[in-house]
Structure formats: C-alpha cells, structure tokens
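Okay, thanks for making time, everyone. Have a look at the structure on the screen while I talk you through how its pieces fit together.

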Amino acid sequence: MMSKISSLVLILFVGCCVCSCSIVTQIPSLTPEEIEQEAQVQADLNEERMIAATQRVADASWPLITSNLELCEGFTDYQIGVWTARKIRKDSVTSARIWGVAKDSPAALAGLQVRDMIISIDGNSTKNGTLVRSELNRALRQFSKEERTDPIEFLVVRWETELSWSSFTFSIQPVETCRSDIFVSRSLAFLAYASGDRIGVATGLLNFLENEPDLQYIIAHELAHNVYRHVRKALTRGIFGGLLDGISLVTGFWTDGLFAQLGIRAYSKRFENEADYVSMYILANAGVDLNGIEDVWRRVSEQIGIKETRTHPSRPIRYLRMAKTRQEIAEKIEKGEPLIPELKRHK
C-alpha cells in the first residue's frame with residue numbers, strides 16, 4: 001500500500017515539474033562571452049559608484065577622527081587618510097587601487113590620489129587589495145605600539161591615459177586618530193552600523209543623506225557607539241542572558257533565547273541616546289556647523305514615518321534631545337569651556 005502511494009506521489013511531482021517548467025516564448029540565447037562582457041561593464045559601473053561614495057565618506061569622517069583625540073582617549077590608532085579598494089565581484093581579486101584620499105590627510109598632503117595603484121609599501125609587494133591592507137595595517141600598528149617613527153614608503157602607479165602611466169614614491173607620516181575602520185557597505189538598506197572597531201555606511205543611506213553634515217552626524221553617532229564600547233556591553237549582557245537560557249533549558253523550561261535577546265536589548269535605547277549626545281560633541285570639535293543638524297530626523301520621518309522600534313528611540317525624541325544638546329554646546333562655547341560630554345569617563 002505504502003509503495004503504491006509513494007509511486008503516485010512521485011508521478012504527480014514529476015508531472016507538476018514538467019508542466020510548470022514549460023515555456024511558450026522564444027527567449028534570445030546568450031553566449032558566455034556576452035554575459036562576461038556585460039558583467040564587467042556592470043562591475044566597472046559599480047566600482048565608479050563605490051569610489052565616489054568612499055571618497056565622500058573619507059572626506060566626511062577624517063575631521064571627526066582627527067579632532068576628538070581627547071574624547072577618544074584609550075581608543076585611538078594611527079592612520080594616513082587612505083581608503084583602499086574592496087572586492088566588486090565574488091570571483092575577482094580585490095584591486096590594489098586607492099578608492100579614497102581624505103582631504104587634508106597626510107596621504108592627500110603627500111600627493112596620493114584616488115585611482116592610484118599601490119605597488120609596494122615599505123618595499124613589500126602589494127599586488128592586490130588584500131596585501132595593501134595587510135602591509136599598511138602592519139606598518140600602522142608599529143606606530144600604535146611606539147615601535148616606529150619614520151614615514152611609511154609607498155610606490156604607486158598612476159595612469160595619465162589608458163596607454164601611459166608613471167610611477168611615484170611617497171613618504172607619508174601617519175597621525176593619531178580615533179580608532180574605527182569606516183567603510184561603505186554595498187547595500188541599499190537605510191542603515192549605518194558600528195561593530196566595535198568598524199563603521200559601515202550603507203549606500204542606501206548615503207543616497208538619502210544629501211547634506212554632508214547629515215552624513216557626518218551618522219558617522220559621529222556610530223563612532224560614539226565604538227568609543228563608549230556599546231557593542232561590547234550589549235554582547236556581554238547577551239552572553240549572560242544566554243547562560244540564563246541554558247540554565248532554564250536544564251531545568252526543563254525552553255526560553256527560545258529570550259534572556260539573551262533581552263540582555264542585548266536591555267540598554268539599546270539608552271545607548272542610542274548616549275551616541276546621539278556624544279556625536280554632537282564629536283561634530284562640534286571637528287568644526288561642523290550644528291545649526292539645525294537635528295533636522296535630519298524630520299527629513300527621515302518625512303520619508304519613512306515616525307514609528308518607534310524596540311532598539312531605537314522615536315525620531316521626535318532624537319530630534320528634541322539633539323536640539324537641546326546643541327544649545328548645551330553653544331553655551332559652553334560662549335563660556336569658553338571645553339567641549340566634553342557631561343558623562344562619566346569610560347575606562
């Protein structure tokens with residue numbers, strides 16, 4: 001009996017597949033060469049878009065990470081103001097090209113330019129983007145560990161035309177900055193995020209942020225998350241919550257990870273409020289005009305509404321708190337007081 005039922009089910013399944021897979025139109029055929037050629041065109045378009053976005057993020061973030069060393073005390077490293085290429089296609093090797101050179105950074109003052117190809121760093125070959133980042137990070141760590149004071153040596157190739165190029169050498173002295181790897185995330189999502197040592201800004205959000213102070217506020221907000229160790233604190237609470245989940249499971253009570261989720265979310269809104277507050281000081285120290293900067297939340301709500309989430313305060317609350325912080329900073333400037341948040345120092 002079971003054998004007959006199984007055979008019937010198999011016949012119905014095959015019949016369904018045959019019927020559903022039939023088409024009635026004559027679709028144009030494509031050669032692998034045509035597909036590859038178009039894929040390369042689209043990859044090139046994406047790279048140009050990413051270069052423009054990366055340069056924008058570089059210029060926006062550099063004054064923030066260089067003007068807040070006191071606020072970032074204990075959370076600093078060394079940088080030169082260069083943003084390197086990231087992989088465009090899954091099956092391709094990351095290019096050794098430069099995608100961003102921050103204005104007024106050591107790299108810009110030395111003469112490095114966007115689209116330069118880095119051939120070597122300190123005499124070590126950098127034939128792809130992975131090696132560029134590896135060698136550059138190695139050299140920069142030497143400064144952070146106080147093992148080095150001499151400039152980093154770069155050999156680059158620069159194309160004047162498609163057929164002509166020149167090579168240049170540069171000696172670049174890194175400077176101390178707030179620590180965070182800030183990059184463009186290839187996503188159409190309306191978000192930016194911090195992960196402890198990194199900051200990602202999605203292209204979907206970049207497309208919306210037409211005003212540069214708005215972009216700088218977003219970066220400053222995520223930088224505040226990193227400086228005040230919000231991610232680490234949330235993860236620590238999540239781990240303790242996970243232990244409670246495990247204990248509950250041993251006693252026969254299934255929580256489905258409830259305590260871990262509650263641990264991570266417990267102070268989420270407080271962290272967001274603190275990041276907004278601190279970000280205003282980061283912006284002020286970098287010389288960003290704060291006048292009306294809280295209007296970004298009115299523009300966001302105009303597009304997607306004012307709904308409050310489990311992890312973020314409502315946009316009206318964020319708008320009003322930022323406006324009050326702006327007034328607080330203005331009073332400190334008038335009194336000649338240092339622009340330091342009214343918060344306890346994190347050790």
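I'll go through the sheets, then the helix packing, then a salt bridge. Keep in mind that this is a predicted model.

So, sheets. Let's start with the one made of four strands, an open sheet that reads β5-β4-β6-β7, with antiparallel pairing. Which strands stand at the edges? Those are β5, residues 124-125, and β7, residues 165-172. Each of them has a single partner strand, so each has one side with no neighbour in the sheet.

Stay with β7 for a moment. Its partner is β6, residues 152-159, and the two run antiparallel over eight bridges. If you want to find your way along that pair, look for I152, which has I172 in β7 as its bridge partner. Another one to click on is F154, sitting opposite F170 of β7. The connection from β6 to β7 is a hairpin, and five residues make the link.

On its other pairing, β6 goes with β4: antiparallel again, with four bridges. There you can use I118 as a landmark, since it stands opposite V156 in β6.

What about the second sheet? This one is open too, with three strands in the order β9-β11-β10, and here the pairing is mixed. The edge strands are β9, residues 181-185, and β10, residues 192-194; each has just a single partner strand, so one side of each has no neighbour in the sheet. From one strand to the next, the twist averages 15°. β10 and β11, the latter being residues 198-202, run antiparallel and are joined by three bridges. In that pair, A192 is across from V201 in β11.

Now, which helix lies across β9, β10 and β11? It's α6, and it runs at about 150° to β11. Hold on to α6, as I'll come back to it with two helix partners.

Let's move to the helices, then. Two packed helices are described by the angle between their axes and how far apart those axes are. I'll give you both for each pair.

First up, α6 with α9. That's residues 212-227 against residues 268-285, at an angle of about 120°, with the axes 7 Å apart. The two helices are therefore oblique to each other, and their crossing is right-handed. Who touches whom? From α6 you have Q216, Y217, A220, H221, L223, A224 and H225, and from α9 they meet F271, E272, A275, D276, V278, S279, I282 and L283. Sorted by class, that contact comes out as nine nonpolar residues, four polar and two charged.

The other partner of α6 that I want to show is α2. This pair packs at about 55°, and the axes are 9 Å apart. That angle makes α2 oblique to α6, and the crossing is right-handed here as well. On the α2 side, the contact has R56, V57, A60, S61, P63, L64 and I65; on the α6 side it has E212, L215, Q216, I219, A220 and L223. By class, we get nine nonpolar, two polar and two charged residues.

Back to α9, and its packing with α11, residues 315-335. The angle is about 40° and the axes are 10 Å apart. α9 passes α11 in a right-handed crossing. The α9 residues in this contact are E272, N273, D276, Y277, M280, Y281 and A284, while α11 brings in I317, R318, R321, M322, T325, R326, E328, I329 and K332. What do they divide into by class? Seven are nonpolar, two are polar and seven are charged.

Last topic, charges. How many salt bridges does the structure hold? There are 16. I'll pick out one, E48 with R115, where the closest N and O atoms are 2.5 Å apart. E48 is in helix α2, residues 32-66, and R115 is in the loop between α3 and β4, so this pair ties together parts that are 67 residues apart in sequence.

So if you take a couple of things back to your bench, take these. α6 lies across the strands β9, β10 and β11, and α6 also packs against α9 and against α2. And α2 holds E48, the partner of R115 in that salt bridge. Okay, that's me done, happy to rotate the view for anyone.

Definitions and conventions: Residues numbered from 1 in each chain as written. Predicted model: local features only at pLDDT ≥ 70, side-chain atom pairs only at ≥ 80, totals over all residues. Heavy atoms only, no water. Axes fitted to C-alpha atoms, helices over the stretch in contact; angles between N-to-C directions. Parallel < 35°, antiparallel > 145°, perpendicular 65-115°, else oblique. Left-handed = near helix turned anticlockwise from the far one by under 90°. Contact = heavy atoms within 4.5 Å. Nonpolar A, V, L, I, M, F, W, Y, C, P; charged D, E, K, R; others polar. Pairing = 2+ DSSP bridges. Salt bridge = Lys/Arg side-chain N within 4 Å of Asp/Glu carboxyl O.
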